[in-house]
Amino acid sequence: MLEINAPNLYLFSYHLKEGLGISLESSQRNYHSVLEKIVGDISRLIPDAIAPDCQETFLAIQSQPTADLKFKGTLHNHTILGRYLRRSLHQTYALIFDGSVQERYNAHQIQSLLSTLKPLTPNPYSPDNLGQTWLISGVWEHGNSTQIEKLAEESYKTLISPEGWHHRATGDYVGVKLHEFWRTSGDNTGATIEGNSYLLLLLYPDREMFQAGWGFYEQWQQVLLSRHQIVWAHGQSQRLKQQLIDKYHQIEAIADYSHLSLYHLKTTRDALSGLITGFTTLESYFNWMEIHLENYEQYCHQLEQDADGLGLTDLTFLKQFSASVKQTYLPRVQGDINAFRSNLERIQHLTQMIQGQVEICQAQRDRTVKTAVAIAGVGVATGCIVAVASSMNPPVSSVNPGTNSGLSGVLLLSLICGGVASLVTFVALSLWQKLGK
């Protein structure tokens, strides 16, 4: 039976800090919400596990760029040692979770532990999330490769998706066997990493190598971050592409722009401007992928250099990701950019044409408003003149001096005269406009 001594569950989670349409203020607000939920969940599930002053430091993301939140306690019969380390890393927020037990566990107990630890980890679908990699590690004492694969399959279902993994890869680092698992979604031409989530299984042959492995986690963080940034940018580009296509087809379906109201003309114009902005954003995603692919390859090379002479190292599976980006991701996004660029002139022409229609409709509406004001002005002026003239010739005193029949008559007469003057002015202006045409 498979047994692992001191099993650890790590989660490397990354959130975009700023850029690509995301402001620093917005990302700080979203990230702070993620951290607040973490503190709340730990306090609810393991009361008194965190000191209040540690909570304040952990949540102070503006004044404390780096913070380490440690906790311990018993949850569902597991005596857990845990910590959260948050830091800023290359315009991102890196959040590392580490939960472990200092006992020997079999495969069934490990799944129970993973189910217990998962509620203490951040929501992978939180705003600005770039992706996450789960890592299960420990000292492998008993079991074979078939049992390890079964452990990975069940762990993937517990942590990421109940449907299990689609793909796997293996490698070696300083004499330690690596197993990686992930799923893809979409067809062959648009497949991407589902949830931008990976599972790594790293089992050490003895405790000495287990302790030595800590020395390489910094380098692995850099590699994982760059990979998630590439996958995230690719996924964002594909969603944006579909949105742009849908918008473009909606605009193209309009047969006659001249019959649109001023409101719908402005809406269509803004949608066309959004297409141009979206095209620029699509190019930004492509550039982002190129930059982080270069970083990814540099970090992978650094991992190999650091491991030189320390044991068998084979990181072919990491290089295969790099090759996949070059052969699939980048050509796909470049093709999308080229397709939109070929329609850019048409979009710009439509934008200018509709802007002209907007200006014409706006001018017509302004003239209508001015005409209405002028007609109303004539009526008001006429009414005022009649009222003044009537007041200069007071009527004969009424038999009943307590009534206001004289004042009422003046008001009624001025209203009638004002209305007639407005009507005559409206008819005259209408005839003038028809004769002018």
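**Entry 1: helix α4**

I began with the buried residues of α4, which I list as Ile148, Leu151, Ala152, Ser155, Tyr156 and Leu159, where buried stands for under 20% relative accessible area, exposed for over 50% and partly exposed for what lies in between, with a 1.4 Å probe and protein chains only. Viewed down the axis of α4, these buried residues fall within an arc of 135°, so they line one face of the helix; the arc is taken over the directions from the helix axis to the C-beta atoms. I noted beside this that an α-helix has 3.6 residues a turn, so residues three or four places apart point the same way.

Before going on I recorded that this is a predicted model, in which local features need pLDDT of at least 70 and side-chain atom pairs count only at pLDDT 80 or more, while totals for chains, interfaces and linings use all residues. Residues are numbered from 1 along each chain as its sequence is written, and side-chain values use heavy atoms, with hydrogens and water left out.

Helix α4 covers residues 145-159, and its 15 residues reach 21 Å from the first C-alpha to the last, close to the 21 Å expected at 1.5 Å a residue; the expected span is 1.5 Å times one less than the number of residues. Helices (H or I, at least four residues) and strands (E, at least two) are DSSP runs, numbered from the N terminus. I then looked up what covers the buried residues of α4, and found among the elements β1 (3-16), α3 (107-117), β6 (129-142), β8 (176-182) and β11 (197-204). At the N-terminal end of α4 I found Asn144 as the cap, with a side-chain oxygen 3.1 Å from the backbone nitrogen of Thr146.

**Entry 2: the chain and its cores**

For the protein chain I wrote down nine helices and eleven strands, with 43% of the 437 residues counting as buried. Of the contacts with a separation of 6 or more, 73% are between residues 24 or more positions apart; contact means heavy atoms within 4.5 Å.

The largest nonpolar core has 65 residues, and those with the most contacts inside it are Tyr14, Tyr173, Trp220, Leu315 and Leu318. Such a core is a set of buried Ala, Val, Leu, Ile, Met, Phe, Trp, Tyr and Cys residues joined through side-chain atoms within 4.5 Å. Apart from this core lies another, of 43 residues, including Ile4, Ile38, Leu114 and Phe181. Setting aside neighbours within four places in sequence, I have Trp220 in contact with Tyr173, Leu178, Leu303, Leu315, Phe317 and Leu318.

**Entry 3: aromatic pairs**

I found ten aromatic pairs in the structure, a pair being rings of Phe, Tyr and Trp (its six-membered ring) with centres within 6.5 Å, stacked if the planes are under 30 degrees apart, edge-to-face if over 60 and tilted for the rest. Tyr84 and Phe97 form a tilted pair, at 5.1 Å centre to centre and 55° between the planes. This pair links distant parts of the chain, with Tyr84 in strand β3 (residues 78-88) and Phe97 in strand β4 (residues 92-100), 13 residues apart. Tyr84 counts as buried at 0% relative accessibility, and Phe97 is buried with a relative accessible area of 0%.

The rings of Tyr173 and Trp220 have centres 5.6 Å apart and planes at 80°, so I entered this pair as edge-to-face. Tyr173 lies in strand β7 (residues 167-173) and Trp220 in helix α6 (residues 217-252), so the pair ties together parts that are 47 residues apart in sequence. I also noted that Phe58, Tyr84 and Phe97 form one aromatic cluster.

**Entry 4: two buried polar contacts**

I placed His78 in strand β3, where His78 is buried with a relative accessible area of 5%. The side chain of His78 makes a polar contact with that of Ser112 at 2.9 Å; a polar contact is a pair of N or O atoms within 3.5 Å, and within protein one must be able to donate a hydrogen and the other to accept it, while residues adjacent in sequence count only if both atoms are side-chain atoms.

Thr133 is found in strand β6 and is buried, with a relative accessible area of 0%. Its side chain makes a polar contact with the side chain of His228 at 2.7 Å. Not counting residues up to four places away in sequence, Thr133 touches several residues, among them Tyr10, Phe12, Leu200 and Leu224.

**Entry 5: positive phi**

I last looked up Asp48, which has a positive phi of about 65° although it is not a glycine, and which sits in the loop between α1 (24-45) and α2 (52-59).
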